[in-house]
Amino acid sequence: MSQVTTHVLDAAAGKPAAGVPVSLHNETGEILAVGVTNSDGRVPDLGPDALPAGIYTIVFDTAALSTFYPNVTITFTVSDGSHYHVPLLLSPYAYSTYRGS
């Protein structure tokens, strides 16, 4: 399993957001992995199995969804070898995120 996973939920429709392109970047901007949300809104395989401690960014290409935001960028810190689940809850004019399990 990838050390980093994510999913996107369409909060306005109350369902997963399928077909959203997602990319994982290191702090220099290098793309480490790409994926697309599945029918459950998840990208279970985003990134390597292990990442060194550091700052990483997930970019969600939300342009195809009916939202004010053409993309959403979430920057987070990996501090150890544990699993990092970074979900995105998206609505037309707002979004939120949290560290999942």
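Two strands count as paired if DSSP finds at least two bridges between them, and strands themselves are DSSP runs (E, at least two residues), as helices are (H or I, at least four residues), numbered from the N terminus. The structure shown is a predicted model, in which local features need pLDDT of at least 70 and side-chain atom pairs count only at pLDDT 80 or more, while totals for chains, interfaces and linings use all residues. Residues are numbered from 1 along each chain as its sequence is written, and side-chain values use heavy atoms, with hydrogens and water left out.

**View 1. The whole chain, with its 10 strands and zero helices.**
Followed along the sequence, the pattern reads β-β-β-β-β-β-β-β-β-β. The radius of gyration, taken over C-alpha atoms, is 13 Å, close to the 13 Å that the globule rule (2.2 Å times the number of residues to the power 0.38) gives for 101 residues, so the chain is as compact as a globular protein of that length. Along the principal axes, the C-alpha atoms fill a box of roughly 35 × 25 × 20 Å. Of the 101 residues, 40% are buried, where buried means under 20% relative accessible area, exposed means over 50%, and partly exposed lies in between (1.4 Å probe, protein chains only). The accessible surface, from the Shrake-Rupley method with a 1.4 Å probe, comes to about 5300 Å², and 56% of this surface belongs to carbon and sulfur atoms. Among contacts (heavy atoms within 4.5 Å) with a separation of 6 or more, 50% are between residues 24 or more positions apart.

**View 2. An open sheet of four strands, in the order β4-β3-β6-β7 with antiparallel pairing.**
The edges are formed by β4 (31–36) and β7 (72–78), each of which pairs on one side only. From one strand to the next the twist averages 20°, with axes being lines fitted to C-alpha atoms and angles running from 0 to 180 degrees between N-to-C directions.

**View 3. The antiparallel strands β3 and β4, joined by five bridges.**
V22 has G35 in β4 as its bridge partner. The hairpin of these strands has four residues between them, and G29 in this hairpin takes a positive phi near 95°.

**View 4. Strand β6 and its partners β3 and β7.**
Strand β3 (residues 21–26) pairs with strand β6 (residues 54–60) in the antiparallel sense over five bridges, and L24 stands opposite I58 in β6. The pairing of β6 with β7 is also antiparallel and extends over seven bridges, with T57 standing opposite T75 in β7. Strand β6 is mostly covered, since five of its seven residues are buried.

**View 5. The two faces of strand β7.**
In a regular strand the side chains alternate between the two faces of the sheet. Along β7, V72, I74, F76 and V78 point to one face and are buried, whereas T73, T75 and T77 point to the other face and are not buried.

**View 6. The surroundings of H7, a residue of strand β1 (residues 4–10).**
With a relative accessible area of 7%, H7 is buried. Its side chain makes polar contacts (pairs of N or O atoms within 3.5 Å; within protein, one must be able to donate a hydrogen and the other to accept it, and residues adjacent in sequence count only if both atoms are side-chain atoms) with two other side chains, that of R42 at 3.5 Å and that of H85 at 2.8 Å. Leaving aside neighbours within four places in sequence, the residues in contact with H7 are G41, R42, H85, V86, P87, L88 and Y98.

**View 7. T67, in the loop between β6 and β7.**
A polar atom of the T67 side chain lies 3.4 Å from the backbone oxygen of S91. Apart from neighbours within four places in sequence, T67 is in contact with T62, L90, S91 and P92.

**View 8. D45, in the loop between β5 (42–43) and β6.**
At 59% relative accessibility, D45 counts as exposed. The C-alpha atoms of D45 and A17 are separated by 16 Å, and these residues are 28 residues apart along the chain.
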